[in-house]
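User: I'm in my first year and still learning to read protein models. Please pick one part of this one, look at it closely with me, and then show me how it relates to the rest.

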Amino acid sequence: MATKHGSPNDRCATLAQRVSTLEQLLAISRRLNSTLEMRSLLLQIVEAARELTGADGASILLVEGPQTLRFAASCGPSSPYLIGTEVPTENSLAGWVVQHHETTVVEDASSDPRLYAIQSVNTSRSIVAVPLLFGDRVIGVLESLTQQEYRRFTSQDIETLETLASIAAVAVENTRLFQQNDWIAEVVHEIRTPLTAILSYAELLDRQDLRPGNRQQFHQIIQQEAERVNRLIGQFLDAARLESGRVIMKREPLALGEIISQTIAVIRPQAATRQMRVTSTIPENIPTLVGDAQRLHQVLLNLLSNAVKYSTPGTDIHVTCRVEPEQLVVAVADSGPGISQEYHASLFQRFSRVPGSEKRATGSGLGLNIARQIVEAHGGRIWVESVVGQGSTFSFSLPRPAAASKTTQIVIDD
């Protein structure tokens with residue numbers, strides 16, 4: 001006869017489920033603590049939250065000040081609309097969690113007065129929001145949500161999410177500390193070379209026996225190196241803001257075909273100086289996307305600039321756009337020297353360079369990293385296919401927005 005606590009079989013099943021969840025959390029903890037890139041870390045956390053709680057979606061909001069939180073990562077149907085969105089600490093569910101330092105569960109999202117309306121996206125039914133506690137500070141909020149009327153979060157789901165939030169808070173703070181120190185070291189290293197040149201040539205200008213021709217040449221070198229420092233600083237700031245999630249991507253309708261055509265027009269004069277042609281194959285009636293046109297132009301310009309800089313003079317560059325059921329894919333193909341397979345995975349990391357490429361062109365090693373972060377912030381991905389001696393193709397995908405009929409009601413704090 002079963003007791004009020006359930007039959008022995010039920011208790012065994014519950015225990016087995018708890019053990020399985022604990023094993024998953026331990027594996028997740030090891031993964032998170034070995035990840036030192038913020039965007040990748042946050043995406044792993046929200047994916048883990050969704051999987052562990054059986055949710056339809058999950059999000060992390062990070063505290064940016066006494067009055068503001070910002071969606072730093074999200075997965076699920078509404079994720080493309082949320083990244084970078086600000087939420088006030090007053091009159092919002094996430095803000096309530098931050099102010100009270102405690103978990104809250106919303107059974108019916110349509111009736112809770114604490115929910116903050118963001119925009120018309122898929123409707124949330126049930127939400128559980130837990131604080132990311134680091135010591136006595138709340139550094140953010142981790143949320144899981146359902147969009148199914150019959151699905152409600154259990155006490156086990158809530159306990160699991162709170163445990164994950166504790167693990168995530170430590171991982172986020174460790175990553176922040178590492179990145180701060182890592183950025184300082186990398187910035188000093190990258191700026192040291194042009195600064196050394198500036199100081200050396202400035203010292204040479206003081207020599208009394210310097211010929212007029214050399215004086216003019218040294219002035220030009222100093223100016224070029226100063227401009228290089230300025231560009232490096234701009235890229236450092238851009239990459240750091242993107243990595244921290246402080247850059248807000250615009251969410252406006254955009255015509256990808258126009259962006260491609262405009263970017264090609266910008267790069268053609270540079271290509272012409274190396275006797276290179278830039279051609280394209282762009283289908284008509286490309287579906288309208290939602291995103292930041294200026295940032296996507298930046299991505300494509302970086303890929304085209306690299307193709308021009310690193311390819312053999314006299315070769316061609318071809319840009320294509322492919323429409324697929326759930327995404328658009330843009331590819332930039334060149335006939336350059338190609339890149340060995342062993343370097344493909346690291347190309348999109350900060351300060352990454354292919355050995356030997358410095359002889360053909362110089363750069364900060366941040367361009368592809370910035371491009372990757374922009375594409376990922378739009379819900380897409382970027383990759384390279386290349387064979388040494390046969391050229392390279394850099395591609396990125398962008399998700400097609402959901403049909404308007406699927407975005408009927410407001411989503412709040414999810």
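Analyst: Let's begin with how the chain meets itself in this predicted model. Among the contacts in the protein chain with a separation of 6 or more, 68% are between residues 24 or more positions apart. The chain has 414 residues, 47% of which count as buried, and its secondary structure comprises nine helices and 15 strands.

The part I'd like to show you is an open sheet of five strands, with mixed pairing. Walk across this sheet and you meet the strands in the order S9-S11-S12-S14-S13. At its edges are S9 (277-281) and S13 (381-387), and each of these strands pairs on one side only. On average, neighbouring strands of the sheet are turned by 15° against each other, direction ignored. If you wonder what joins strands like these, the strands of a sheet pair through backbone hydrogen bonds, either parallel or antiparallel.

Let's zoom in on one edge. S13 is antiparallel to S14 (residues 391-399), and seven bridges link the two. One place to find in the viewer is Val384, which stands opposite Phe394 in S14. Helix H9 (residues 367-377) packs on the sheet here, touching S13 and S14, and its direction makes about 135° with that of S13. A second helix, H7 (residues 256-272), lies across S9, S11 (316-323), S12 (327-334) and S14. The direction of H7 is at about 170° to S9.

Now for the side chains. What sits over the ring of Trp383? The charged end of Arg381 does, 3.9 Å from the ring centre. Arg381 and Trp383 also appear among the neighbours of Phe396. Leaving out residues up to four places away in sequence, Phe396 touches Val299, Leu300, Leu303, Leu328, Val329, Val330, Val375, Arg381, Ile382 and Trp383. You can place several of these on the map you just built: Leu328, Val329 and Val330 fall within S12, Val375 falls within H9, and Ile382 belongs to S13.

With so many neighbours to trace, Phe396 is a good way into the interior. In soluble globular proteins, nonpolar side chains tend to be buried together. The largest nonpolar core here has 53 residues, and Leu256, Leu304 and Phe396 are those with the most contacts inside it. Helix H6 gives the largest share of this core, eight residues. There is also a second, separate core of 33 residues, which includes Leu41, Val46, Leu142 and Leu161.

Aromatic rings add another layer. How many aromatic pairs are there? The count comes to two. The pair formed by Tyr201 and Phe218 is tilted, with 5.0 Å from centre to centre and 55° between the planes. Tyr201 lies in helix H5 (residues 155-205) and Phe218 in helix H6 (residues 212-244), so this pair ties together parts that are 17 residues apart in sequence. Tyr201 counts as partly exposed because its relative accessibility is 26%, while Phe218, with a relative accessible area of 11%, is buried.

The other pair takes us back to our sheet. The ring centres of Phe348 and Phe394 are 6.2 Å apart and their planes stand at 75°, so this pair is edge-to-face. Phe348 lies in the loop between S12 and H9, and Phe394 in S14, so the pair ties together parts that are 46 residues apart in sequence. Phe348 and Phe394 are buried. Remember Phe394? It is the residue that Val384 stands opposite.

Finally, try your new skills on another set of strands. S1 (residues 57-65) runs antiparallel to S7 (residues 137-146), with six bridges between them, and Ala58 stands opposite Ser144 in S7. S1 also runs antiparallel to S2 (residues 68-75), this time through seven bridges. A hairpin of two residues joins S1 to S2, and the bridge partner of Ile60 in S2 is Ala73. As a last stop, find Glu86 in strand S3 (residues 86-88). Glu86 touches Thr68, Leu69, Arg70, Tyr116 and Ile248, not counting residues up to four places away in sequence, and Thr68, Leu69 and Arg70 lie within S2.

Technical notes: Residues are numbered from 1 along each chain as its sequence is written. This is a predicted model: local features need pLDDT of at least 70, side-chain atom pairs count only at pLDDT 80 or more; totals for chains, interfaces and linings use all residues. Side-chain values use heavy atoms; hydrogens and water are left out. Two strands pair if DSSP finds at least two bridges between them. Helices (H or I, at least four residues) and strands (E, at least two) are DSSP runs, numbered from the N terminus. Axes are lines fitted to C-alpha atoms, for helices over the stretch in contact, and angles run from 0 to 180 degrees between N-to-C directions. Contact means heavy atoms within 4.5 Å. Rings of Phe, Tyr and Trp (its six-membered ring) pair if their centres lie within 6.5 Å; planes under 30 degrees apart count as stacked, over 60 as edge-to-face and the rest as tilted. Buried means under 20% relative accessible area, exposed over 50%, partly exposed in between (1.4 Å probe, protein chains only). A charge sits over a ring if NZ of Lys or CZ of Arg is within 6 Å of the ring centre and within 35 degrees of the ring normal. A nonpolar core is a set of buried Ala, Val, Leu, Ile, Met, Phe, Trp, Tyr and Cys residues joined through side-chain atoms within 4.5 Å.
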